Amino acid sequence: MATYRVGILKGDDIGLEVVPVAVDVLKAAVRRHPEITIDWIDLPIGYPSYIDCGETLPESTLEALGGLDGWFLGPIGHMAYPRDDPKAINPHPILRRQFDMVSNVRPTISYPSVPSVHQDVDLVIIRENNEGFQPDRNMFKGQSEFMPTPDMALSMRVITRRNSSFVAHTAFKMAQQRDKQKRVTAIHKNTVFKLGCGLFVDVCREVAQEYPDITFDTMVVDTFAMNLVRKPQVFDVVVTTNMFGDILTDEAAGIVGGLGLAPGICVGPKYVMAQATHGSAPDIAGRGIANPYAMIMSGQMMLEWIGKTRDDAELAAAADKVARGVKAVMADPAKVTPDLGGKNTTEGMGQAVCRAIENL
Ligand code: NAD
């Protein structure tokens, strides 16, 4: 009998709709495996937390997360937070750094029933999460963006051997586990960023030596951006630095039907966090039409990850049920939300997945 503790951090706007639906789906799958118990722990975060306790990321939330096996982080609508209050911070870069979640794993899968630019797409992009050009992540103290004069802004990028090696290992292990092309492609711009991208690619090449069963190749980011639009089917696992990955994962979502179809997890040596690629979508919040797919599948990936790292076949089987339930619902255009061409609500789509899981 295994017991896990999983956090629920709903986030903002559509997070308040899609996260509870995703939790319900995971509960439906876990109910099919009585050997597993999950204690679900609600923790305050984001704007609702700011209203309740004056902070978007309370210390009590940070402390509680350290004792969990994993957690959901809903989308964070930080652009709407008060600009002048240091207690209204964007929590997600802090969580990614504090819990050393170096790899952001973002799969892209096409579904025959969903109108999309391409079909037969099944790739995964592993993005370094905690350094790169992102100024809120790559310094111990201070900002790596600054303005020496009102007419000049400087941004600095950080690339380390340690994090490049970590994401490379995540990518090669993923390529081994996937029943696909057994290929890892490192995306870079070492033609220009000779030191930063140079180090990243060199480290990926070194790590590749440890995985002789996996083919390794590299591609310049601009060429990859074009090939991703023209022929995404040729890619299997892709590994890249933070900002390239941020942009390319949205592009990848765009070719299979949009951000509602872009799940992800953030993982490090110890922690895993389910976090979809999309933002808090204030334009559709409160209308019950947000697509819960990305958040459900982020939860599925989190369960799968915990199952693998704890060697728990039951938990992995529960995760597999979530994936199969979602696949069954995605095959029926009547059961999906409007962004995918359907007429269902967020809750309705979630309930359809729960029923599919119950019938597996
Ligand atoms: P967004 O991802 O929230 O929305 C972009 C477009 O995609 C919108 O038209 C939205 O309606 C649609 N969309 C997104 N998720 C959807 C879903 N599940 N179902 C159906 N449609 C969906 O990006 P934005 O509008 O640029 O940002 C809104 C807020 O979210 C901002 O405060 C931004 O900073 C924040 N943001 C947060 C994250 C995160 O928490 N990881 C990521 C990106 C943006």
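**Exercise 1. Decide whether Thr56 is buried or exposed, and describe its surroundings.**

Step 1. Thr56 is buried, with a relative accessible area of 0%. Buried means under 20% relative accessible area, exposed over 50%, and partly exposed in between (1.4 Å probe, protein chains only). The model is predicted: local features need pLDDT of at least 70, side-chain atom pairs count only at pLDDT 80 or more, and totals for chains, interfaces and linings use all residues. Residues are numbered from 1 along each chain as its sequence is written, and side-chain values use heavy atoms, with hydrogens and water left out.

Step 2. Place Thr56 in the fold. Thr56 sits in the loop between helix H2 (46–53) and helix H3 (59–65). Helices (H or I, at least four residues) and strands (E, at least two) are DSSP runs, numbered from the N terminus.

Step 3. List the contacts, meaning heavy atoms within 4.5 Å. Neighbours within four places in sequence are left aside. Thr56 then touches Ile45, Gly46, Ser49, Tyr50, Tyr81, Lys87, Ala88, Ile89 and Pro91.

Step 4. Look for a polar partner. A polar side-chain atom of Thr56 is 2.7 Å from the backbone oxygen of Ile89. A polar contact is a pair of N or O atoms within 3.5 Å; within protein, one must be able to donate a hydrogen and the other to accept it, and residues adjacent in sequence count only if both atoms are side-chain atoms.

**Exercise 2. Explain why Cys204 and Cys266 form no disulfide.**

Step 1. Recall the chemistry. A disulfide is a covalent bond between the sulfur atoms of two cysteines. The cut-off here is a sulfur pair within 2.5 Å.

Step 2. Check Cys204. Its closest cysteine sulfur, in Cys197, is 10 Å away, so it is too far for a bond.

Step 3. Check Cys266. Its closest cysteine sulfur is that of Cys204, 18 Å away, again too far for a bond.

Step 4. Check burial and the total. Cys204 is buried at 0% relative accessible area. Cys266 is also buried, at 0%. The structure holds 0 disulfides.

**Exercise 3. Describe how the protein surrounds the ligand.**

Step 1. Find the shell. There are 21 residues around the ligand. Near means that a heavy atom of the residue lies within 4 Å. Ile76, Gly279, Ala281, Asp283 and Asn291 come nearest.

Step 2. Go through the polar atoms. A polar backbone atom of Ile76 is 2.9 Å from an oxygen atom of the ligand. For Ser280, a polar backbone atom is 3.1 Å from a ligand oxygen. Taken alone, the ligand exposes 810 Å², and the protein buries 71% of that. Accessible areas come from the Shrake-Rupley method with a 1.4 Å probe; for residues, only the protein chains shown count as cover.

Step 3. Add the side chain of His278. One of its polar atoms lies 3.5 Å from a nitrogen atom of the ligand.

**Exercise 4. Find the backbone feature of Ala281 and of Asp13.**

Step 1. Recall the background. Most residues other than glycine have a negative phi.

Step 2. Read Ala281. Its phi is positive, about 40°, although it is not a glycine. Ala281 lies in the loop between strand E12 (272–274) and helix H9 (293–309). It is partly exposed, at 21% relative accessible area.

Step 3. Read Asp13. Its phi is near 50°, a positive value. Asp13 lies in the loop between strand E1 (2–9) and helix H1 (15–31). It is partly exposed, at 29%.
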